[in-house]
Amino acid sequence: MDEREIRLVYMSNNSTPCQQGRAWIEIDLDALAHNIADIRSKIPKSTGIMAVVKANAYGHGVEKVAERMICEGVKAFAVTSVVEGVQLREVAPDSTILVMGYTHPGDARWLYECNLSQLVVDDIYAKALNDTGYNLRVHVAIDTGMNRLGVESSNFEEVEKVFKYADLTVEGIATHLSSPDGQNDSDTGVTRMQIESFMTVVCRLKEKGYNVGKLHAMSSYGIFNYPEFNYDYVRPGIMLYGVHSIDDKTKVKTELRPVLSLKAIVAQVRRIKAGESVSYGRTFTAEKPMKIATVSIGYADGFPRQISGNGGMGIVNGIKAPVVGRVCMDMIMLDVTAIEQIKAGDTVTLIGKDGNEEIRCEEVAKTAGTITNDILSGLSSRLPRIYR
Ligand SMILES: *Cc1c(COP(=O)(O)O)cnc(C)c1O
């Protein structure tokens with residue numbers, strides 16, 4: 001390759017000519033296919049999967065992920081922004097694509113041109129879309145207690161208004177649960193109230209002769225905790241990618257495989273003496289002589305800074321090693337005193353398997369005090385995605 005070709009390779013897929021570079025993500029598309037099959041096996045045949053691929057498919061890279069999902073028979077997708085919708089349309093020419101987040105009415109042309117469906121949250125917004133003059137497909141959001149987006153389920157007149165705009169075609173009606181993961185009486189009580197409010201609105205609309213289109217309500221936890229309420233579409237996000245939000249159990253057992261691994265390289269190995277400290281702020285001080293590996297990944301890559309001092313791990317050559325000192329923007333340091341065979345250039349696994357060891361995304365999220373959805377969607381565009 002000449003210099004210009006090399007530059008083009010660098011820029012086109014954000015990877016070096018040697019592919020992985022300093023830190024990277026590996027995506028197991030067969031695991032994705034397995035997870036789709038697992039979800040399908042637990043929902044009725046008549047229920048479709050509307051795959052939630054917002055935030056670059058939770059960090060997995062939306063293009064390859066959507067392509068594979070289409071091969072596996074997925075026909076509908078949900079994204080958050082009109083830009084995500086336009087990008088997805090390139091690889092999903094025939095799919096239903098629902099934009100669930102806010103679209104400025106000034107961008108209605110893109111909804112129209114790319115044949116995207118827009119979630120409508122109230123009458124004011126429906127009117128604004130209608131007044132753009134574009135004939136648009138919409139789904140109506142009903143707020144049943146999440147208090148985030150949607151017409152309040154108690155306000156039937158407003159729901160009805162949204163159905164009456166000449167330039168809006170209502171293709172579906174949706175709600176979103178606040179606590180589908182919780183299985184105590186309080187959470188299941190709230191969830192059942194939400195479902196009841198949703199169904200009351202749907203029934204009244206049907207009674208009055210409206211075509212409500214497709215019904216959908218269930219995100220990942222809803223699918224596995226309330227298998228009796230799946231409707232026309234389910235909207236799984238996190239579980240398509242093979243993980244739970246936290247390390248917990250669902251009523252119907254999931255049989256998911258993690259799709260994503262996160263890896264980086266040992267940039268340098270050094271020995272330090274007792275009393276020496278590691279990284280910014282000297283929050284870690286060695287009590288005995290130690291061997292330290294500097295690894296080429298940091299919080300700018302999406303490896304959470306919050307794990308500093310809380311017990312994060314990396315796996316090197318099949319052995320787990322604790323993160324010591326603060327996570328830097330582009331690097332972390334591992335205590336590799338116990339690992340005899342280690343040198344610069346070795347691969348470090350931050351999420352995924354190496355030999356007999358595994359670090360699950362749920363563990364990283366817990367250590368960082370958050371959920372896997374946050375960790376995965378926060379993985380930076382600086383990391384090349386490598387697909388298997
Ligand atoms: C993000 C999102 C989902 C997917 O949620 P998961 O918990 O990741 O399965 C479904 N529906 C709506 C409205 C969402 O915002």
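Which residue has a side-chain N or O atom 2.9 Å from a nitrogen atom of the ligand? In this predicted model, that residue is Arg-235, whose side chain supplies the N or O atom of the pair.

Further polar pairs involve oxygen atoms of the ligand. At Ser-220, a polar atom of the side chain lies 2.5 Å from an oxygen atom of the ligand. At Ile-238, by contrast, the backbone provides the polar atom, which is 2.8 Å from a ligand oxygen. On its own, the ligand has 390 Å² of accessible area, of which 86% is covered by the protein.

The ligand is located in the largest pocket. Its surroundings comprise 13 residues, and the closest of these are Lys-54, Tyr-58, Ser-220, Gly-237 and Ile-238. Ser-220 and Ile-238 thus appear both among the closest residues and in the polar pairs described above. Sorted by class, the shell consists of five nonpolar residues, five polar residues and three charged residues.

Salt bridges were also examined. The count for the model is 16. One salt bridge joins Asp-38 to Lys-42, with a separation of 2.5 Å between the closest N and O atoms. Both partners, Asp-38 and Lys-42, are buried, each having under 20% relative accessible area. Another salt bridge links the side chains of Arg-192 and Glu-228, where the distance from N to O is 2.9 Å.

Note on methods: Residues numbered from 1 in each chain as written. Predicted model: local features only at pLDDT ≥ 70, side-chain atom pairs only at ≥ 80, totals over all residues. Heavy atoms only, no water. Near = heavy atom within 4 Å. Polar contact = N/O pair within 3.5 Å; in protein donor to acceptor, adjacent residues only side chain to side chain. Areas by Shrake-Rupley, 256 points an atom, 1.4 Å probe, with all protein chains shown as cover. 1 Å grid on protein atoms, 1.4 Å probe; cavity = no way out; pocket = protein on both sides within 12 Å on 5 of 7 lines; lining within 4 Å. Sits in = over half its atoms within 2 Å of the grid points. Nonpolar A, V, L, I, M, F, W, Y, C, P; charged D, E, K, R; others polar. Salt bridge = Lys/Arg side-chain N within 4 Å of Asp/Glu carboxyl O. Buried < 20%, exposed > 50% of the residue type's maximum accessible area, 1.4 Å probe, protein only.
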